[in-house]
Amino acid sequence: MDKPVRFLLRSVDVLHDFYVPEFRAKMDMIPGSVTYFWVTPTKTGTYEILCAELCGVGHSYMRGTVTVVTDEEYQDWLTSQSTFASLSS
Ligand SMILES: [Cu+2]
């Protein structure tokens with residue numbers, strides 16, 4: 001929260017469109033290319049990610065969530081993650 005976040009977007013099949021209504025932003029996801037957009041979330045919460053491009057028969061099932069947390073919560077989450085070094089030993 002209150003920090004700029006860059007979303008890197010890519011598609012491995014067809015054109016999609018990454019859309020989070022509460023962010024008031026969306027961006028095409030293009031096969032063979034990486035697109036991006038920046039947001040600076042100002043409210044914590046969990047927000048639904050939708051596909052805003054009619055991409056095929058699975059379009060209506062393309063859903064996910066993005067969670068906005070405080071810096072302290074993010075640091076707690078980050079320290080609970082495995083590192084590459086801990087996975088390979
Ligand atoms: Cu779609």
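In this predicted model, four strands form an open sheet in the order E3-E2-E5-E6, and their pairing is antiparallel. The edges are taken by E3 and strand E6 (63-68); each has a single partner strand, so one side of each is left without a neighbour in the sheet. On average, neighbouring strands of this sheet are turned by 25 degrees against each other, direction ignored.

Strand E2 (residues 16-20) is joined to strand E3 (residues 25-29) and also to strand E5 (residues 45-51). The two pairings are set out below.

| Strand pair | Direction | Bridges | A residue of E2 and its partner |
|---|---|---|---|
| E2 and E3 | antiparallel | five | Tyr 19 opposite Lys 26 |
| E2 and E5 | antiparallel | two | Phe 18 with Cys 51 |

E2 and E3 form a hairpin with four residues between the strands. Within this hairpin, Arg 24 takes a positive phi near 55 degrees. On the E3 side of the pairing, Lys 26 stands opposite Tyr 19. In E5, Cys 51 is the bridge partner of Phe 18.

Outside the sheet description, one residue of the helix can be followed further. Asp 71 belongs to helix H1, which covers residues 71-80. Is Asp 71 buried or exposed? Asp 71 has 10 other C-beta atoms within 10 Å; a residue counts as exposed at 12 or fewer, so Asp 71 is exposed. The C-alpha atom of Asp 71 is separated by 6.8 Å from that of Met 1, although the two residues are 70 residues apart along the chain.

Technical notes
Residues numbered from 1 in each chain as written. Predicted model: local features only at pLDDT ≥ 70, side-chain atom pairs only at ≥ 80, totals over all residues. Pairing = 2+ DSSP bridges. Axes fitted to C-alpha atoms, helices over the stretch in contact; angles between N-to-C directions. Buried ≥ 20, exposed ≤ 12 C-beta atoms within 10 Å, placed from the backbone.
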